[in-house]
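Tutor: Here is a model to work through by question and answer. Keep the sequence and the 3D view open side by side.

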Amino acid sequence: ADGSAGQHYWLSRALMHGTYDADFLVDVARKIEAANRAPVLDPLPGVLTALSHVPEAAQDFFAEDPTLLNRLINERRTLDDGKALSAAILAATTVFRDHSGTPENPSRGYLSAKLASEVIHLEAQRLDSGRSLRLKTEALSSIFASYIRDVNRVANTGADTQLGVATDDHAVLLGREAWGARFDQEELRSIMKEIFKEDPRAFPLIVGAQTIWANQLFDSSAARMASGQGSADFKAAAQEVGSGFGFIVDAAGVAHIEKGQELDEAQEHKVKILAALVNTGLAIPQHGSWPILAGTTGAWTSLIEDAAKGKAAEKAAKQANGTASETRFLVHQLAAQALLNHGLFGSADPPAKTHPWASLSDLRPGDDPRKAPNNFLKEDGKTLLTREQMLESRDADGNPVAFDAYRRWLNEGLAGEKWSDIKSKLDVGYTNGF
């Protein structure tokens with residue numbers, strides 16, 4: 001890579017087209033970066049784009065020089081608005097996720113988490129000094145989605161004492177998990193606030209990832225509960241999930257929107273997203289692969305965005321029903337569904353005392369609860385209707401009888417004492433996330 005700045009520029013541009021050997025790319029990228037620390041004609045975007053096409057090369061480029069990320073994020077000016085750097089960093093931090101190797105002999109997954117931790121810290125430093133974010137908001141949103149487990153951990157327990165790699169497995173989940181990234185809570189919050197302000201697609205991506213994580217955690221802890229291991233794990237999961245949701249909606253600036261409050265355009269969009277999640281949350285994959293990997297987020301963000309254009313979301317935004325109640329409805333729904341999936345409200349036929357069908361008013365002996373107008377479960381006796389479906393069933397006066405019956409079952413003690421304790425943990429966690 002000897003030559004003038006102009007030659008480096010055109011070499012770098014040429015590397016954008018095609019795929020090259022990882023060692024060759026890393027060597028060329030290092031030499032071009034070292035020779036052009038104060039460029040007039042910036043040659044780096046081309047080679048960074050080439051690195052983003054070969055994730056192992058991108059990772060080696062960033063990981064093997066401990067000063068490089070700081071130089072690229074904080075010191076070096078960029079002439080392409082950070083687009084190529086964002087793509088390369090996203091490849092280096094989210095493609096490889098594993099729990100192999102050791103800190104002394106790190107795996108690709110270990111290096112991914114270490115780099116993610118450093119990137120978020122450096123971006124927070126930029127904001128703290130009054131500068132704008134260096135990376136594109138799409139890249140930062142995708143990093144948060146990929147490391148949503150760590151976002152929840154920090155939201156629930158407070159800032160990590162140091163940056164780097166989180167090594168412990170989650171107490172509720174079985175098996176080994178991918179290495180996690182350590183984050184400072186306030187640094188997380190400041191960057192989330194900024195990307196939510198700048199990019200309307202950031203909120204559905206991150207809150208969608210949060211919904212997937214909630215499903216994963218609730219399902220695992222409900223399985224433990226069903227096997228006789230008690231409810232402590234589910235209560236811990238409830239507090240963590242509540243904290244994660246609270247942290248995210250607080251960073252989005254919509255945690256304290258009250259009923260009837262007039263919304264600006266950005267707030268209205270986020271309220272629509274929350275309303276869409278309430279109506280589609282149970283349709284988001286509950287047993288997908290973990291962790292969330294690069295390139296796998298499009299399906300659920302499109303699902304949420306499409307639902308946000310519907311009449312129910314539009315009505316919720318116009319009425320501003322209060323995002324606290326919207327979010328609580330969602331997390332209660334996700335938790336209750338996990339418990340129903342594992343039979344923890346008892347049998348459906350005949351309905352146990354705490355099962356939803358036992359709570360239906362005006363149901364006489366021998367009546368089929370499936371045909372009751374206030375039924376809020378599907379035919380299988382364990383799957384909740386979405387809120388939109390519940391609201392479709394109305395009496396002659398227009399009252400939403402199925403929706404009312406669901407709220408009565410969930411909130412008036414009919415679901416049992418264990419549910420009351422879990423609901424309390426969800427609500428406390430949500431408030432703690434602010």
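**Helix contacts, burial and backbone**

Student: Which residues of H8 meet Ala116, Val119, Ile120 and Glu123 of H7?

Tutor: Helices here are DSSP runs of H or I, at least four residues long, numbered from the N terminus. Contact means heavy atoms within 4.5 Å. On that basis, the H7 residues Ala116, Val119, Ile120 and Glu123 meet three partners in H8: Leu140, Ile143 and Phe144.

Student: What kind of model is this?

Tutor: Residues are numbered from 1 along each chain as its sequence is written, and side-chain values use heavy atoms, with hydrogens and water left out. Local features need pLDDT of at least 70, side-chain atom pairs count only at pLDDT 80 or more, and totals for chains, interfaces and linings use all residues, as the model is predicted.

Student: How do the axes of H7 and H8 cross, and is H7 parallel or oblique to H8?

Tutor: Axes are lines fitted to C-alpha atoms, for helices over the stretch in contact, with angles from 0 to 180 degrees between N-to-C directions. H7 (residues 108-128) and H8 (residues 137-146) come within 11 Å and cross at roughly 135°. Under 35 degrees is roughly parallel, over 145 roughly antiparallel, 65 to 115 roughly perpendicular, and the rest oblique. Therefore H7 is, relative to H8, oblique.

Student: How many charged residues are in the contact of H7 with H8?

Tutor: Ala, Val, Leu, Ile, Met, Phe, Trp, Tyr, Cys and Pro count as nonpolar, Asp, Glu, Lys and Arg as charged, and the others, Gly among them, as polar. Glu123 sits on the H7 side. The contact of H7 with H8 has six nonpolar residues, no polar ones, and a charged count of one.

Student: Why is H8 largely enclosed by the rest of the structure?

Tutor: Buried means under 20% relative accessible area, exposed over 50%, and partly exposed in between (1.4 Å probe, protein chains only). The buried residues of H8 include Leu140, Ile143 and Phe144. They pack against H6 (83-94), H7, H9 (148-157), H10 (185-198) and H11. H8 is largely enclosed because, of its ten residues, the number buried is nine.

Student: How many nonpolar residues make the contact of H10 with H11?

Tutor: The axes of H10 and H11 come within 8 Å and cross at roughly 130°, so the two helices are oblique to each other. Met192, Ile195 and Phe196 of H10 face Ala202, Phe203 and Ile206 of H11 in this contact. The contact of H10 with H11 has no polar and no charged residues, and its nonpolar count is six.

Student: Is Phe203 buried or exposed?

Tutor: Phe203 lies in H11 (residues 202-229). Beyond its neighbours within four places in sequence, Phe203 has contacts including Phe196, Ile248, Val249, Lys270 and Leu274. Its C-alpha is 8.9 Å from that of Met192, eleven residues apart in sequence. At 1% relative accessibility, Phe203 is buried.

Student: Which residues is Asp427 in contact with, leaving aside its neighbours within four places in sequence?

Tutor: Asp427 lies in H19 (residues 417-432). Its relative accessible area is 18%, so Asp427 counts as buried. C-alpha to C-alpha, Asp427 is 9.8 Å from Val241, though they are 186 residues apart in sequence. The contacts of Asp427 outside those neighbours are Arg328 and His332.

Student: Which peptide bond is cis, with omega near -5°?

Tutor: Most peptide bonds are trans. Pro350 sits in the loop between H16 (323-341) and H17 (387-392). The cis bond, with omega near -5°, runs from Asp349 to Pro350.

Student: What is the phi of Asp81?

Tutor: Most residues other than glycine have a negative phi. Asp81 lies in the loop between H5 (68-75) and H6, and its relative accessible area of 54% makes Asp81 exposed. Its phi is positive, near 65°.

Student: Is Asp362 buried or exposed?

Tutor: Asp362 is found in the loop between H16 and H17. Phi of Asp362 is positive, near 65°. With a relative accessible area of 75%, Asp362 is exposed.

Student: What share of the 434 residues counts as buried?

Tutor: The protein has 19 helices and two strands (strands are E runs of at least two). Among contacts between residues at least 6 apart in sequence, 73% join residues at least 24 apart. Of the 434 residues, the buried share is 54%.
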